[in-house]
Amino acid sequence: GSVTMGTEDLEWIDGAKRFEYGGRTFSYDTAMIAGMSYIERLGIEQVEAHARRLSERFHAGLAEIPGATIRSTRQLERANGINTVSLDNLGGADFSAALRDRYRIIQRPALRASSVRFSLACYIEASDIDFLLEAIATLASE
């Protein structure tokens, strides 16, 4: 009789599947499978090595920018492509917004909006790191 439904009306199924939401967009699943296939073709060791090379280049460039501080690991043997950086003259939210709005660089604020988190993924190239470093240097000098 009622159009409302409470949790007492639900029939819970066993396993993690019960936590899935309704109205799934299967294109997301297809994209995830395509991404995993791409990584498999490249080889995870190659992906790891590439992330380390990019992180090394990024760290070296950041060392030349006054006011830039690496907040993630500086031990490149532990680098995974995730790098967090802060600037002395900008909070993380403003730093993030400037990178997105002025340079079209996708990233996100991190560490309670004190820094910005960059993902140096397998599709990022050395020239992308150079562009990113130029943008950070410009923002740090303003």
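**Exercise 1. Find the side chain that meets Asp130 in a salt bridge, and give the N to O distance.**

Solution. Apply the cut-off: a salt bridge is a side-chain nitrogen of Lys or Arg within 4 Å of a carboxyl oxygen of Asp or Glu. Asp130 meets Arg57 at 2.9 Å, N to O. Next, place the pair. Asp130 lies in helix H4 and Arg57 in helix H2, 73 residues apart, so the pair links distant parts of the chain. Helices (H or I, at least four residues) and strands (E, at least two) are DSSP runs, numbered from the N terminus. Then check exposure: buried means under 20% relative accessible area, exposed over 50%, partly exposed in between (1.4 Å probe, protein chains only). Asp130 is partly exposed at 29%. Arg57 is partly exposed at 37%.

This is a predicted model: local features need pLDDT of at least 70, side-chain atom pairs count only at pLDDT 80 or more, and totals for chains, interfaces and linings use all residues. Residues are numbered from 1 along each chain as its sequence is written, and side-chain values use heavy atoms, without hydrogens and water.

**Exercise 2. Which residue forms a salt bridge with Arg102?**

Solution. The partner is Glu142, with the closest N and O atoms 2.6 Å apart. Arg102 sits in helix H3, Glu142 in the segment after H4, 40 residues apart. Arg102 is partly exposed at 45%. Glu142 is exposed at 55%.

**Exercise 3. Test the length of H2, then locate its buried side.**

Solution. The expected span is 1.5 Å times one less than the number of residues. For the 19 residues of H2 this gives 27 Å, and the end C-alpha atoms are 27 Å apart, which agrees. Now list the buried residues; among them are Val47, Leu54, Phe58 and Leu62. Seen down the axis of H2, the buried residues fall within an arc of 165 degrees (taken from the directions from the helix axis to the C-beta atoms), so they line one face. The face turned away carries exposed Glu45, Gln46 and Arg53.

**Exercise 4. Which residues touch the most other members of the largest nonpolar core?**

Solution. Such a core is a set of buried Ala, Val, Leu, Ile, Met, Phe, Trp, Tyr and Cys residues joined through side-chain atoms within 4.5 Å. The largest has 24 residues; Phe58, Leu62, Phe95, Leu99, Phe118 and Ile136 touch the most other members. H4 gives the most to this core, seven residues. Take Phe95: its contacts (heavy atoms within 4.5 Å) include Val85, Phe118 and Ile136.

Technical notes. Lists of a residue's contacts leave out its neighbours within four places in sequence.
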